[in-house]
Amino acid sequence: MTPVFNFSAGPAVLPKEVLLEVQNEVLDWHGSGMSVMEMSHRGREFMQIAAEAEEDLRAILGIPANYKVLFLQGGATTQFAMVPMNLLRGHRSIDFVDTGHWSKLAMKEARKYAQAVNVVASSEDRNYSYVPAQETWKRDPEAAYLHYTSNETIGGIEFPFVPDSREIPLVCDMSSNFLSRPVDVSRFGLIYGGAQKNIGPAGLTIVIVREDLLGDVVPGTPTMFDYKIQADGDSMYNTPPTFAIYVAGLVFKWMQRQGGLKAIEQRNIEKAALLYETIDTSSGFYTCPVDKAFRSRMNVPFRLGDERLDEDFIKEARARNLLQLKGHRAMGGMRASIYNAMPLEGVKALTTFMQDFARHRA
Ligand code: PMP
């Protein structure tokens, strides 16, 4: 069977090796006679699966001991509310960097809890094609925290730096570039992200939070939304997304076999470079709307010079088993998501197709 390459933005491609492991173990996990799906989350087997997943994630990212790792549900969208509920801690306002669709949604939700949302900088003036220079940010020194979106999944913009939040906590929505490169966790107050891009199936949301920020929620915060309660209960205050945690654990082990984050980052750089080079050397047949310095290694949006060819492009790509290339409805054009599990071979198949398509249609 010719391999299929899935460029979906999420839920997204998972490592074949991991899917085969799941297949092997789906009826009988390690001689237990049960599927992980059927196990009590409080049983010895599942407790071991969850503890190992956390341990491996801590090792991969180098998470310091004074940070809690939470395995939650509700997606990153729920974090848009949970973060202010837990981290406002009596402050009036929150600082936000506005780099596009997802930072806008995070701000919209935060406005329900904070008296003020201070947009320190926005790249809306140039259609979200860049990250505003840090020197220009208009910070509120009294803000509860500074929030940014390290990778805008729709716009295809990625921060090439970690902002300096000075004396206040730094909070990051890392949904779409989590575990794609090394990160110094100690620079952050909180990191969150949905699993369905680089980590595993949808339904699991990971939060990494510095311990001293826990325990002072806004009145009326639901029990499930209180990080302290989740941390004290080892993310098992109620039934956690057991199967998704199990698959994420297998992905963490796969990442370790790949050589860890440095090695994975190198591969991601190589894949993204090949795709952007194909776009940039197409004499305008393809264009990418993002400034070069801020182009995402994970989500590559591009347009065809003649958008009347869009439909043919998608159709012919599909015939070559290159799937899910249609751009987000807000952007139009195309988008190729090339997360950790997308092999270089997949990007090569795509760029070869793009060159062939351009040659025949130019
Ligand atoms: N933030 C970013 C950067 C995302 O890409 C997404 C989902 N594509 C979300 C937040 C929302 O995530 P979820 O669907 O898990 O709520």
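**Exercise 1. Find which helix gives the largest share of the shell around the ligand in this predicted model.**

Solution. Start with the whole shell: 13 residues surround the ligand. Now look for the element that supplies the largest share of them, and you arrive at helix 3 (residues 75-87), which contributes 4 residues. Next, sort the shell by character: 8 of its residues are polar, 3 are nonpolar and 2 are charged.

**Exercise 2. Work out which ligand atoms the side chains of Thr77, Thr153 and Asp173 approach.**

Solution. Take the residues one at a time; Thr77, Thr153 and Asp173 are among the closest to the ligand.
- Step 1: an N or O atom in the side chain of Thr77 is 2.5 Å from an oxygen atom of the ligand.
- Step 2: for Thr153, a polar side-chain atom lies 2.4 Å from a ligand oxygen.
- Step 3: with Asp173 the ligand atom is a nitrogen, 2.6 Å from a polar side-chain atom.

Now for the ligand's surface: alone it exposes 390 Å², and the protein buries 84% of that.

**Exercise 3. Describe how the side chains of strand 5 point, and which strands pair with strand 5.**

Solution. Begin with a general idea: side chains in a regular strand alternate between the two faces of the sheet. In strand 5 (residues 146-149), Leu146 and Tyr148 point one way, while His147 and Thr149 point the other way. All four are buried.

Then check the partners. Strand 3 (residues 93-98) pairs with strand 5 in the parallel sense over 2 bridges, and Asp95 has Leu146 as its bridge partner. Strand 8 (residues 170-173) also pairs with strand 5 in the parallel sense, over 4 bridges. There, Thr149 is the bridge partner of Asp173, the residue you met beside the ligand nitrogen in Exercise 2.

Key: Residues are numbered from 1 along each chain as its sequence is written. This is a predicted model: local features need pLDDT of at least 70, side-chain atom pairs count only at pLDDT 80 or more; totals for chains, interfaces and linings use all residues. Side-chain values use heavy atoms; hydrogens and water are left out. A residue is near a molecule or strand if one of its heavy atoms lies within 4 Å of it. A polar contact is a pair of N or O atoms within 3.5 Å; within protein, one must be able to donate a hydrogen and the other to accept it, and residues adjacent in sequence count only if both atoms are side-chain atoms. Accessible areas come from the Shrake-Rupley method with a 1.4 Å probe; for residues, only the protein chains shown count as cover. Ala, Val, Leu, Ile, Met, Phe, Trp, Tyr, Cys and Pro count as nonpolar, Asp, Glu, Lys and Arg as charged, and the others, Gly among them, as polar. Buried means under 20% relative accessible area, exposed over 50%, partly exposed in between (1.4 Å probe, protein chains only). Two strands pair if DSSP finds at least two bridges between them.
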